[in-house]
Amino acid sequence: MNREEPLVLGIESSCDETGVGIVRGTRLLANTVSSSMDEHVRFGGVIPEIASRAHLDALVPTLHEALATAGVTLDEIDALAVTSGPGLAGALMVGVCGAKALAVATGKPLFAVNHLVAHVGVGLLDGGVYGGELPPDLGALLVSGGHTEVLRVRNIAGDVELLGSTIDDAAGEAYDKVARLLGLGYPGGPAIDRIAREGNPKAIRFPRGLTQPKYMGTAEDPAAHRYDWSFSGLKTAVARCVEQFEAAGEPVPVADIAASFQEAVVDVITSKAVLACREQGIENLLLGGGVAANTRLRELTAERCAAAGISLAVPEFSLCTDNGAMVAALAARVIMDGGQPSDLDFAPESSLPVTSVTV
């Protein structure tokens, strides 16, 4: 196996995107994604069984398209990589079984990697936010439909620390649920982001979860919930607000509620992420995950990072959402750092901790 500039094919299937990416060392050759989002719209959220079946249908065509785009064959691939968790159990199983089948059929080594750490791995790609080499002691703020976390990355191939996370709903889940309350449809993130521009973000003061002193602890002992988030109470507050307008027979000010809700979300996310970076001595922050496409989140994160002297990097949108390129990029770094392939008896783990970079 070429460890200096490995040609790696990565497979991602943790939720509703089937992704196959190919990298050569830190150079991106292909990033092909097939989404089943349209099949979930009428349900207002991702249905695991539908997502799993969609992965079955899409995996082989997506694989062929990625190989054609990269201009390589399976024989030329040095190693395979796959997301082993966290994610939806059935969806993960499709990708893992497909990757194992490829490994057995081709004799290629297989690396099972962590989905969340892979979101940071896109920063390794040439021409990306860091140009092939991550800064030392990097911070990462990952905001998506399933996860809201802030990490410290000392070595992406094996030393990742969880500083804070959501204790209930992820930010993306809160967006979807609030969009449904407001009749905006699914996916909720883009819909709320769009209509919030027409509203007043100060119209309604929604709660900022886990910001009261009793939850904040201290910088020396942040164990309480100093760097953690909670969005379930915010979602409930929006529901009560809508009910009050309806009970009074008044029209629901959808734009104002959307703008005020969004401001509550991005306010607490950015304030706690910047707090974690300042107190932990982190000077570089990467913003990733599907919700990183949110315009207000990008704007406020940039504003607060600049004020705190923190350098912010945001990958291009196609690399923020779930994709196979990030899986391949992380595996390539593991290989170049001397990491060993996974045994083929590993199983997907829907709650794989972020500290487990590989399985």
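**Exercise 1. Pairing of β4 and β5**

Task: In which sense do strand β4 (residues 79–85) and β5 pair, and over how many bridges?

Solution.
- Strand β4 and β5 pair in the parallel sense, over five bridges. The model in hand is predicted.
- Take one bridge as an example: A81 has F111 of β5 as its partner.
- Now follow the chain. From β4 it passes through helix α3 (residues 89–106) and arrives at β5. This β-α-β crossover is right-handed.

**Exercise 2. The two faces of β5**

Task: Which residues of β5 point one way, and which point the other way?

Solution.
- Strand β5 covers residues 110–114.
- L110, A112 and N114 point one way. F111 and V113 point the other way.
- Check burial on each face. All of these residues are buried, so the count for the strand is five of five, with buried meaning under 20% relative accessible area.

**Exercise 3. The largest nonpolar core**

Task: Which residues of the largest nonpolar core touch the most other members, and which element supplies the largest share?

Solution.
- The core holds 46 residues. F206, F231, F261 and I269 touch the most other members.
- List the elements that each supply at least two residues. They are β6 (138–143), α5 (171–181), α6 (188–196), α8 (232–247), α9 (254–280), β9 (284–288) and α10 (295–308).
- Helix α9 gives the largest share, 14 residues.
- Zoom in on I269. Leaving out residues up to four places away in sequence, I269 touches L141, V143, T148, A171, W229, F231 and L297.
- A second core, of 38 residues, is separate. L138, A313, A332 and V334 are among its members.
- In soluble globular proteins, nonpolar side chains tend to be buried together.

**Exercise 4. Annotated site and pocket**

Task: Which residues of the UniProt "binding site" set belong to the lining of the largest pocket?

Solution.
- Start from the record. The unreviewed UniProt entry places "binding site" at L142, V143, S144, G145, G146, D176, G189, D193 and N294.
- Compare with the lining. From this set, it takes in S144, G145, G146, D176, G189, D193 and N294.

**Exercise 5. D176 and G189**

Task: Is D176 buried or exposed?

Solution.
- D176 lies in helix α5. Its relative accessibility is 19%, so D176 counts as buried; the cut-off is under 20%.
- G189 lies in helix α6. At 23%, G189 counts as partly exposed.
- Turn to contacts, setting aside neighbours within four places in sequence. D176 is in contact with Y186, P187, G188 and G189. G189 is in contact with Y175 and D176.

Definitions and conventions. Residues are numbered from 1 along each chain as its sequence is written. This is a predicted model: local features need pLDDT of at least 70, side-chain atom pairs count only at pLDDT 80 or more; totals for chains, interfaces and linings use all residues. Side-chain values use heavy atoms; hydrogens and water are left out. A nonpolar core is a set of buried Ala, Val, Leu, Ile, Met, Phe, Trp, Tyr and Cys residues joined through side-chain atoms within 4.5 Å. Buried means under 20% relative accessible area, exposed over 50%, partly exposed in between (1.4 Å probe, protein chains only). Helices (H or I, at least four residues) and strands (E, at least two) are DSSP runs, numbered from the N terminus. Contact means heavy atoms within 4.5 Å. UniProt positions are given in the numbering used here, feature names are shortened, and annotations may be inferred rather than shown by experiment. On a 1 Å grid over the protein atoms alone, a cavity is a set of points where a 1.4 Å probe fits but cannot get out, and a pocket is an open set with protein on both sides within 12 Å along at least five of seven lines; lining residues have an atom within 4 Å of a point. Two strands pair if DSSP finds at least two bridges between them. A crossover is right-handed if, with the strands pointing away from the viewer, the path from the first strand over the helix to the second runs clockwise.
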